[in-house]
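Work through the exercises below with the model open. Try each task before reading its solution.

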Amino acid sequence: MNRLSPRSLRNAYSREKLTGSLILAGGIDILIGGFADHSTLIAFGMLIVLGSISWRWLQIQPARLTDNNAASSSSFSRKPIRYLPAASSPLPNLTKQRSKEH
């Protein structure tokens, strides 16, 4: 499937509304700046488009293990902290009691 087909662009826009809106606004800035021969508007539009694409790319990248993540993942290997005292005997089994009818 072509990623630049109108259907795939529409699906991407409906999933990512903020990123799609920023890309649309930057694209319109580029078009207006190109027709009116304003290089600053073209540069501003390109900054918006590239910034929103790079921000979205950073969001979808898998989280890399840093020192903070390594410290939090090592806490899973520790013995769990118990807040209730250990029971002296296990709980009794659940049994179905017959009702006594007279």
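The exercises concern two helices and the loop between them, in a predicted model.

**Exercise 1. Check whether the length of helix α2 agrees or disagrees with the span expected at 1.5 Å a residue.**

Solution.
- Step 1. Helix α2 covers residues 17-36, which is 20 residues.
- Step 2. The expected span is 1.5 Å times one less than the number of residues. For α2 that gives 28 Å.
- Step 3. The end C-alpha atoms of α2 are 28 Å apart, so the two values agree.

**Exercise 2. Find the residue that follows α2 and describe its backbone and its exposure.**

Solution.
- Step 1. D37 comes after α2. D37 sits in the loop between α2 and α3, and α3 spans 39-60.
- Step 2. Phi of D37 is positive, near 60 degrees, and D37 is not a glycine.
- Step 3. Set that against the general rule: most residues other than glycine have a negative phi.
- Step 4. The relative accessible area of D37 is 69%. Exposed means over 50%, so D37 counts as exposed.

**Exercise 3. Describe how α2 and α3 are arranged: what are the axis distance, the angle and the handedness?**

Solution.
- Step 1. Two packed helices are described by the angle between their axes and the distance between the axes.
- Step 2. The axes of α2 and α3 come within 7 Å. They cross at roughly 160 degrees.
- Step 3. Angles over 145 degrees count as roughly antiparallel. The two helices are therefore roughly antiparallel to each other.
- Step 4. The crossing of α2 and α3 is left-handed.
- Step 5. The contact includes T19, L22, I23, G26 and D29 from α2, and F44, V49, S52, I53 and R56 from α3.
- Step 6. By class, the residues of this contact are 11 nonpolar, 7 polar and 2 charged.

**Exercise 4. Decide for S52 and for I53 which applies: buried, partly exposed or exposed.**

Solution.
- Step 1. S52 is in helix α3, and I53 is in α3 too.
- Step 2. S52 has a relative accessible area of 5%. Buried means under 20%, so S52 is buried.
- Step 3. S52 touches T19, L22 and I23, leaving aside residues up to four places away in sequence.
- Step 4. I53 has a relative accessible area of 44%, so I53 is partly exposed.
- Step 5. I53 and I23 are 30 residues apart in sequence. In space, their C-alpha atoms are 7.7 Å apart.

**Exercise 5. List the buried residues of α2.**

Solution.
- Step 1. They are T19, G20, G26, D29 and G33.
- Step 2. Compare with the contact: T19, G26, D29 and G33 are among the α2 residues that meet α3.

Note on methods:
Residues numbered from 1 in each chain as written. Predicted model: local features only at pLDDT ≥ 70, side-chain atom pairs only at ≥ 80, totals over all residues. Heavy atoms only, no water. Helix = DSSP H or I, 4+ residues; strand = E, 2+ residues; numbered from the N terminus. Buried < 20%, exposed > 50% of the residue type's maximum accessible area, 1.4 Å probe, protein only. Axes fitted to C-alpha atoms, helices over the stretch in contact; angles between N-to-C directions. Parallel < 35°, antiparallel > 145°, perpendicular 65-115°, else oblique. Left-handed = near helix turned anticlockwise from the far one by under 90°. Contact = heavy atoms within 4.5 Å. Nonpolar A, V, L, I, M, F, W, Y, C, P; charged D, E, K, R; others polar.
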